[in-house]
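Hi,

Here is the structure I said I'd send over. Have a look at it first, and my notes on what turned up are underneath.

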Amino acid sequence: GSVSAWVKLDSMSANGFIFQLRAEEGTDNQIILLWNNASGVIRGNVKFGGTTNVVDSGSGLENDGNWHHVAFTWMSGSKTAANNITRIYIDGSETDNDAIGNTWSDESGPAELVIGRNSIQSNAYFNGHINDVAIFDDVLTSSEVSTIYNSGSPKDESSHSGLVAYYTMEAYTDGDTTLADDSGNSNTITITNSTNIDSTDTP
């Protein structure tokens with residue numbers, strides 16, 4: 001799978017989750033994209049069957065006043081071992097990759113998808129702006145990531161192959177309770193504590 005998002009980080013004093021996909025029961029299977037405050041990087045974390053694989057951005061993204069494009073991809077269970085890898089891209093360029101040895105070990109549904117916080121401890125709220133989150137059930141290629149970043153403004157992903165959910169996050173105000181899925185797949189998200197929404201500040 002893959003997740004693509006535009007983010008602008010304010011001054012961060014703690015971890016801040018951008019994206020989290022986890023098994024509903026337990027913590028052995030998670031896919032997380034977050035600001036890791038201790039390292040000062042955006043980190044992709046693939047945890048399958050209790051084994052963690054980590055990929056990091058470079059430094060210098062915090063509180064610089066700029067929007068940045070992040071793409072995070074992963075594959076496991078392929079018969080071609082070289083394909084079992086996770087990658088992170090910042091502003092169109094790959095910054096890190098790591099081989100994945102395990103696979104998602106929880107076959108029972110449902111899973112939980114969360115944007116902007118850690119749902120397990122109900123903490124690690126993202127301090128900043130998030131826009132145009134696209135979730136795919138395939139691995140974006142480096143050229144696809146580059147195309148998204150180089151579009152000049154958030155590229156419309158609604159017709160992209162493998163799109164599972166797409167949240168452009170436009171025209172929202174304080175007090176809204178749901179976030180529409182612009183992919184047409186009706187994966188609506190519940191908004192919790194919707195204050196300080198600024199849908200005019202976009203990449």
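Let's begin with the open space. The largest pocket comes out at about 1,100 Å³. Its lining is made up of 31 residues, and the closest to the centre are Ile115, Gly116, Ile191, Thr192 and Ile197. Strands β9 (111–115), β10 and β13 (189–190) are the elements that give two or more residues to that lining. Bear in mind that this is a predicted model, so the pocket is a computed one too.

Closed space is a shorter story. There is one cavity of 30 Å³ or more, and the volume of the largest cavity is about 30 Å³. Around that cavity you'll find Ser4, Trp6, Asp132, Ile148, Pro154, Lys155, Glu157 and Tyr166.

Now the sheets. One is an open sheet of six strands, ordered β8-β7-β6-β1-β10-β11 and paired antiparallel. Its edges are β8 (93–99) and β11; each has a single partner strand, so one side of each has no neighbour in the sheet. On average, neighbouring strands here are turned by 15 degrees against each other, ignoring direction. Helix α1 packs on this sheet and touches β1, β6 and β7, with its direction at about 160 degrees to that of β6. Inside the sheet, β1 and β10 run antiparallel and are joined by seven bridges; Val7 has Ile130 as its bridge partner in β10.

The other open sheet has five strands in the order β5-β4-β3-β2-β9, again with antiparallel pairing. Here β5 and β9 take the edges with a single partner strand each, so one side of each is left without a neighbour in the sheet. The twist from one strand to the next averages 15 degrees.

Strand β4 is the part of that sheet I spent some time on. How many of its eight residues are buried? Eight of the eight in β4 (residues 41–48), so the strand is largely enclosed by the rest of the structure. In general, side chains in a regular strand alternate between the two faces of the sheet. In β4, Val41, Arg43, Asn45 and Lys47 point one way, while Ile42, Gly44, Val46 and Phe48 point the other, and all of them are buried. Note that Arg43 and Lys47 are on that buried list, in case you want to look at them on screen.

What does β4 pair with on either side?

- With β3 (residues 30–36), the pairing is antiparallel over seven bridges. Trp35 has Ile42 as its bridge partner in β4. The two strands form a hairpin with four residues between them, and Gly40 in the turn has a positive phi of about 65 degrees.
- With β5 (residues 51–56), there are six bridges, and the strands run antiparallel. Lys47 has Thr52 as its bridge partner in β5, and Val46 stands opposite Asn53. This is a hairpin as well, with two residues between the strands and a positive phi of about 60 degrees at Gly49 in the turn.

On to the nonpolar packing. The largest nonpolar core has 31 residues, of which Val3, Val7, Leu33, Ile42, Phe72 and Trp74 touch the most other members. At least two residues of this core come from each of β1 (2–9), β2 (16–23), β3, β4, β6 (68–74), β7 (85–90), β10 and β11 (163–167). The biggest giver is β1, with four residues. Another core lies apart from this one; it has nine residues, including Ala134, Leu140, Val145 and Leu163.

Trp74 is worth a click. Leaving out residues up to four places away in sequence, Trp74 touches Gly1, Ser2, Val3, Phe19, Ile31, Val46, Phe48, Ile85, Thr86, Ile100 and Val139. Two of the names there, Val46 and Phe48, belong to the β4 group described above.

Finally, Val139. This residue is found in the loop between β10 (128–136) and α1 (142–149). Is Val139 buried or partly exposed? It is partly exposed, at a relative accessible area of 31%. Beyond its neighbours within four places in sequence, Val139 is in contact with Gly1, Ser2, Thr73, Trp74, Met75 and Glu144. Thr173 is 34 residues from Val139 along the chain, and their C-alpha atoms are separated by 33 Å.

Cheers

How values were computed. Residues numbered from 1 in each chain as written. Predicted model: local features only at pLDDT ≥ 70, side-chain atom pairs only at ≥ 80, totals over all residues. Heavy atoms only, no water. Buried < 20%, exposed > 50% of the residue type's maximum accessible area, 1.4 Å probe, protein only. Pairing = 2+ DSSP bridges. Contact = heavy atoms within 4.5 Å. Core = buried A, V, L, I, M, F, W, Y, C linked by side-chain atoms within 4.5 Å. Axes fitted to C-alpha atoms, helices over the stretch in contact; angles between N-to-C directions. 1 Å grid on protein atoms, 1.4 Å probe; cavity = no way out; pocket = protein on both sides within 12 Å on 5 of 7 lines; lining within 4 Å. Points joined across faces, edges and corners; volume = space filled by probe spheres on them.
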